Every structure is written in C-alpha cells, then in structure tokens.
Amino acid sequence: MSAVADTHAQDHHHHGPAKGFSRWLLTTNHKDIGTMYLIFSFAMFLLGGTMAMVIRAELFQPGLQIVEPEFFNQMTTMHGLIMVFGAVMPAFVGLANWMLPLMIGAPDMALPRMNNWSFWLLPCAFLILVSTLFMSGGAPNFGWTFYAPLSTTYGPPSTTFFIFAVHIMGISSIMGAINVIATILNLRAPGMTLMKMPLFVWTWLITAFLLIAVMPVLAGVVTMMLMDINFGTSFFDASGGGDPVLFQHVFWFFGHPEVYIMILPAFGAVSHIIPAFSRKPLFGYASMVYAVGAIALLSFVVWAHHMFTVGIPIAGQLFFMYATMLIAVPTGVKVFNWVATMFRGALSFEAPMLFAVAFVILFTIGGFSGLMLAIAPADFQYHDTYFVVAHFHYVLVPGAIFGIFASAYFWLPKWTGHMYDETLAKTHFWLSFIGMNLAFFPMHFLGLAGMPRRIPDYALQFADFNMVSSIGAFMFGATQLLFLLIVVKCVKGGEKAAAKPWDGAEGLEWTLPSPPPYHSFTTPPEVK
Amino acid sequence: MRVHAKRAGALLGGLLFPAWSMADWTLNMAPGVTGTSNEIFSLHMTILWICVVIGIVVFGVMFWSIFAHRKSQGHKPANFHENTVVEILWTIIPFVILVIMAIPATATLVDMYDTAESDVDIKVTGYQWRWKYDYLDEEFGYFSNLATSKDEIYNRLDKSENYLLDVDNPLVIPVGKKVRLLVTANDVIHSWWVPAFGVKKDAIPGFINETWTRVDEPGIYRGQCTELCGKDHGFMPVVVKAVPEAEYNEWVAEQQAAAERERELTEKDWTLEELMERGEQTYATTCAACHQADGSGAPPAFPALKGSQVVLEDMDAHLDIVVNGVSGTAMQAFGGQLSEVDLAAVITYERNAWGNNTGEMVTPKEVFEYKNQE
C-alpha cells in the first residue's frame, strides 16, 4: 500500500518491495513474511474450523447421521493437527516476524533468507497433509496424538505422507526459532538489556528455545514410526519386542512443551495490551520473566501427566503429579500480576483489551481444570473424557486464539496505517466470547458425566449438552468470518492511524509511523 | 385449544429433539459405588471448591477494577508496578494450598495401587472392538460385544434406554470381594473404564496392567472404552454385573459347564447347514465390523470377502489368514480367539455366503488338525 518504492534518485532497488507475485515468493522482508504467516494461519484456522463444524454437526444428536466413524476420526485428527501446527504456531511466528524487529529496534530479522524458506515450507507441508484426505484409505485417523500401534501397524496408507508433512513443519519451526533467537540476541537496539526487553520478546525468546529443544524429539518419534511402518523395525510393536508406551513417553516429551509453545507468546502479547489499556505500567515485570522461565523449565518434567492411566509405577505417578501441580505457582503469579496491573488503572475496553481480559479470565478457568487434572487419582476419572477436551480448548481457544486476536487488533493500526472498525470488532468479540463458552463449558459437564472423547456417537444421557455445545460451536465458527471482513476493511482503508494510536501503549514499535517503512529501523534507536 | 397447542409442541419437540426426553442435565461427577470412587469424588470436590474460592477472589478483584477504575468514569491511574511482599505472598500461599491438596491425593493413589490379596482374578483383553474376559482360576472366558443394533445407530429404530451401553455378555463379579483385573490388549491400545468404580486402566498390547475394585452394591454398571482404538472406538462399552456371592458361584459353575460343552462340539459331525447357521452369527459378531455384513469390506484396509480369490479357491490359505492373521495389517490371528467350531463355521460361512457358493465346508476337526500340525 503506502510502503511502495519511492523514486528518489539516490535510492537503490533495495528500498521497496518487488512487484507482483515474486514480491511474496522471493521476499526476505520481515513484514511481508509476517503477513504471509498470518494469512496462512488464518486460512488454516478456517480449514481446521470447518472440520470442527463437521465434528459438532455429527455430535449434534445421538446416532450416526452425517459422517461415518472412519471419516469422523479423520476429522478429529486433521482438526487437531491443522489447528496446532497450521493455525496457532504459524500465527505466533507471524506476529514474531512483524513485531520482534519493531520492538527491539532492528532493521529486519537476523536471517532473512532462511526466514523466507521457513515460511514457504509450511504451505508445502500442509498441501501434503491435506492431500491425504483424498488418498485411498483416507487421511490419518488416529487422533492428533497419533498413538502407536494405532498409527503404525493399524494406520492408513497415508500415514507416511503425514510423517513427511510433520518433518517439513518441524524443519520450518526449528528454522523460525533459530531466526528468533539470533534476532533477539544480536539485533537489539543499544541500551536494551535483557531485562529491558518487552515481554513479547522475552516470551518468544523462551518459546524459541522450547521449539529447538522439542521439535527434534517430534521428528525422532515420527521417524521411528516411519521405520516401523516401512522398514520392519519394532520400536512400538510389542510382538517384535517394542514398546507402545515408549511412543507416548517420547511424544509427550515433545507434546507438553508444545502446549506452552502455543501459549507463552500470548502471555507476552497480553502483558503489553493490559498495561496499554489500563494506562498503568505492567505489575511485576521481573517476576513475569521469571515465571515464564519457570513454566518453560517445568514443562520438560511433567510429560507423563498425560499418561496417568498407562500403568507407570507409583513413584513416577507421584513425581509427575507433584511437578504438574507446581506449574500452578508461576502461572498463578502471572494471572495475579495481570490483575494487579488492572487494579487502580484507568481502564478502557477497546477490542484488544476485551480479548485480553477474556484471555485472563478464561485461561484461568482452563488453568483450574488443569490443576484438577493434575491430581492423579482424580485424573483416572477425567482422563480421555470430554473434561479434558473442555480443559485444553479453554487454554487454547481463549488462550492462544484470543491472544492472537488481541494482538491482531492491537497492532492492526500499526501494520495497515488504518484504524479497524471498532463496532464490528466488539461484535466479533462478544459473539466469539458467548459462542466459545457455549461450545466448551458444557463439555466439562459431559466429561464429568462420563462421556469419552473421540467418539462419533454417544449414549442418550449426553444428548442435551452436546446439542448446546454444537450450537455454541456453530456460533463461534460463523463469527470468525466477521474477523476476515474486519481485517479486509482495515487493510483497504479507514480512519488514518497515528504512530501511537493507543494512548497507554509503550514500546519502540510506536515510535515508527503507521504503517512503518518497508525497512524498519535503518539506524538503531537509543534505549535509555 | 391449549391442549392442542401443547400436543403440537410436544410433537414438534419430539420430532426435533427425540433424544431430549431421555436426557438428563448432569453437571457433576457421580460419587460411584466403591471406596476408591468415593475417595476420588471427595478429592474432586475439594479441588473444585479450592478453585472456585480462588476464582472468586481473583475475578472479584478484577471485576471491581473493571467497574470502579474505568477511564470513562474519570478514574486517574495509579503508577505502582511492583511490591515485593505481595509478590512473595502470592507465590507462597498457592504453594501451601498445593501441598495441602497433595497429601490426600497421595494417600488415595497408594490405595489404588494396592492390588495385593485379591479374591477373584480376571484378565481383561481389549480387541478391536470388544472386550474379552478370562476368569483365570475358573478357566473359562468369553467376549463381550456391543448389543445395540445398527438400526438404532443409524436412526432407523428408536434408541433404547441403554443405547451404546449394552453388551451381550457382561462381566460378572461377586459383591464384597476384591476383584483384581489384569488389563491387556490384543491389537491397539484400549482403556477399560467404569466410572462408578473409579477404575480406568489402559489396555496395552504386550503389557499387563493391574488394577482392582471391590463393589458392595449389587447392580449393573456401565462404562466405555476411553482410548481411541480405531473406527468403532465409540462402540465397545463395558458392562459389569455385580451379583451376590451365591449367585456368582452358580453362574461360574454354569459357565464352566458351557465351556465343557463347547469343547465337546468339536468332536461332533457337523453338516454344511449347521455350520452356515453358526457361522453367520460368528461372522456378525467377529468379522462384520471390518469386512461388513455383506462381505463387501472397506478396501484398502479391509478387503472384500465377496468374490475374493482366497475365499473362493485355496482352503489352506483361507485357514492360514483366519487362524494366524496377516502381520502388519489389521487382520488379527483368530486362532486363539475363536473355538474350533466357530473357526470352522465362519470359514464355511464365508465360502458359501453372498453368492460365494463354493459348496465347500471345513469341519471343526479339520480346523483342530490344521492348528495342531503347525
């Protein structure tokens, strides 16, 4: 838009984007790549959401009416994989690409060519993954956790393509993480010490280390699957001397840090938005940083709380129960800090703040159910029921997704140079908020009443809340099209945004005009 | 007029929401009928109330700020941004609450893991998609299959009260006795769960997990498989019938006699018709989930049997696949799962049903010899 090449004689060709498709294919610009990540993730969000609609439509009433169980399982699997790896993770990488250089006063990301490659690998990976839906035998149907031997000996022929897609996503994530670390550690403006870094930068730095630590573990576990399926090994096949539980240990050693990968950047973003709209500095900056560090470290020693029913020895059971309960302490500190930031501020409730406040409330509810799940004996009743589904949707939808929406509304004026339509955005919030709670809160009741997860049909006593939940899900799903409309409207025009459209906002990104120039900080700003 | 309106409303409601009349708006976990499930329930309620109280305090402060400290009401922001005492307090207090919570949880867990000194030992084996119960000391065992008909599942018939929670042969246990369950699986991972007992244990191929229960109330208790195990994961319920000891002993004697009669059937001379009749039943409970009732299968994972080369031609190959399974695929080895009679019946049925009319049959004796020649 306004960031097109100018024609000053002394300018060489680096100063503006190329024209046409090659701008996007060949770009090494952090803003272009960030935009592509965000568009890609939203497309995946709609695709994964459509699958959720199929799931909820089938579960609207007892009996099988719309899809067969085989296809239902493909839907739950692909919904999970697409939302985790296609929607949430790329959205945060997109935010990182856009915001990290602006926040630390850098001209661009440290490794721009790798940045381009790590983005373009993603559409390739998802093309492969989604194409499995059209293969003979269907798409992966063993849940996003792909437990062996259901995913190995008993998996559909497309499993090998799924493994290849996961490998490509993993490479993309690892490169993205290396880029984030290199950028943050090397390109900070003079005077910006580690303990002066904005919290979004801190949380992303820690997230990037988590990614580098666990994505190779995921690659390892899918490679073992690949060997079992195609090369006659028996890592996970008991009849060949292997161990199906080994799969779960390795998977969750990746999987638990993975859930923090999906939430920590949202913690960071919310830690900017709440102070901005409370017009008051963030309470307890240092303890926020330490809490994120503590959560990240603890995330490596709690994996077996996903496996309380597999029959691990009681000593292991107790260790993982205690370690998991401990996570409540730093998480509690973060929530208390956000509330203390709002306390005695001067609050206003524009869309970013609405999403941020809902984030704190609903994520805390998800945290409470997480604490309940940590109590190992009680987990024997909750495990693999809808209570778990309610729990992780409460931390991921109002956690990760609301965090992303809050960030998007907060920084859209900066990105586009226009204010978004506040009325529409508030409508988007309230419909999402109501729909989300209607969809997921009844799942707590279903789980406690005994409804297992991942079933296409259910006993009659679960009928009422399933119908409520489906109605909420349709409402939440349809509302997201409104977000698309709001963003398109904002990109096309609207009230001009000032360099700092939010009076309480702090940080280097607001010192640049809106939209910022194609190359961010050509001379580094000084941080006092 | 009113009555008509009500009737019309009820009819409309009945059409739109046929299930709602059966449904109940259960909000909470049930305490269950065993010591374990009651302990779990009280842990659940304790932690729930702790969360509710913390939630009220935290959200209370937050909502008070939201209502009282609004910019639109002219509230001027304070400028504090740290307070070491407060920050240390809200780290230590949650920690203390957690320790208080961990103590009863640990005690319950230790109790749940104590499987010693059991009165009855039952091996529970998960299959795609049914359960098998083997009474180890009494030397008999049987499969427990979903009893809900396809017509109910596909909405061609009204759904019965225990829709999807009904089986042909429930697990029978005596009340007041410590029953030890040895849980394992034959193919993929399953999970055996009865909410009223507070017992959930994963059934893992190659592993034997132990758990136990002691039920004091006679009755019928229902649960489901809770680990995704393939397409019919939602269709393999667990039903347990707890009966007084005398009744249990009688039932065991009956089962042992029936198992003996079954063994004698191998020696009998069977006709094609008899085998077809029995084979049809065996096929419906054992094979139809994958190969379909009409033998059409679901290629490529589950090949069609109708018109299949193996089924129409080579008898030995057919026997080999059914008895030994096909490694690396979902085709299990049924040699150990089905009796010689059932194996002979189902193979004969497959070779003569759906227009496969080979006219060939295999007798239980021949199956017995085939199994023992290896």
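User: Which residue in strand 8 of chain B stands opposite L182(B)?

Analyst: Keep in mind that this is a predicted model. L182(B) falls in strand 5 of chain B, which covers residues 179-185. Look across to strand 8 of chain B and the residue facing L182(B) is E210(B).

User: How many bridges join strand 5 of chain B to strand 8 of chain B, and which way do they run?

Analyst: Strands of a sheet can pair either parallel or antiparallel, through backbone hydrogen bonds. For strand 5 and strand 8 of chain B, the strands run antiparallel, and the number of bridges between them is 5.

User: Which strands sit at the edges of that sheet in chain B?

Analyst: The sheet is open, with mixed pairing and 5 strands in the order 3-2-1-5-8. On average, neighbours in this sheet are turned by 25 degrees against each other, direction ignored. An edge strand pairs on one side only, and that picks out strand 3 (140-144) and strand 8 (209-213) of chain B.

User: Where does UniProt put transmembrane regions in chain B, and what is the secondary structure there?

Analyst: The model has residues 47-67 of chain B as 100% helix and 0% strand, with end C-alpha atoms 29 Å apart. Residues 88-110 of chain B are also 100% helix and 0% strand, and their end C-alpha atoms lie 33 Å apart. So much for the model; the unreviewed UniProt entry lists as "transmembrane region" residues 47-67 and 88-110 of chain B.

User: Why can chain A be called as compact as a globular protein of its length?

Analyst: Chain A is built with 16 helices and 0 strands. For 528 residues the globule rule gives 24 Å, so chain A counts as that compact because its radius of gyration is close to this, at 23 Å.

User: What share of the residues of chain A count as buried?

Analyst: The C-alpha trace of chain A spans about 70 × 50 × 45 Å along its principal axes. Among its contacts between residues at least 6 apart in sequence, 82% join residues at least 24 apart. As for burial, the share of the 528 residues of chain A is 64%.

User: Which helix of chain A gives the most to the side that touches chain B?

Analyst: The contact takes 82 residues from chain A and 85 residues from chain B. Several helices of chain A each supply at least two residues to that side, including helix 3 (69-104), helix 12 (351-374) and helix 16 (463-492). By class, this side of chain A has 51 nonpolar, 23 polar and 8 charged residues. The top contributor, with 8 residues, is helix 11 of chain A.

Notes: Residues numbered from 1 in each chain as written. Chains lettered and ligands numbered in written order. Predicted model: local features only at pLDDT ≥ 70, side-chain atom pairs only at ≥ 80, totals over all residues. Contact = placed C-beta atoms within 7 Å. Helix = DSSP H or I, 4+ residues; strand = E, 2+ residues; numbered from the N terminus. Nonpolar A, V, L, I, M, F, W, Y, C, P; charged D, E, K, R; others polar. UniProt positions renumbered as here; feature names shortened; annotations may be inferred. Rg over C-alpha atoms; globule rule 2.2 N^0.38 Å. Buried ≥ 20, exposed ≤ 12 C-beta atoms within 10 Å, placed from the backbone. Pairing = 2+ DSSP bridges. Axes fitted to C-alpha atoms, helices over the stretch in contact; angles between N-to-C directions.
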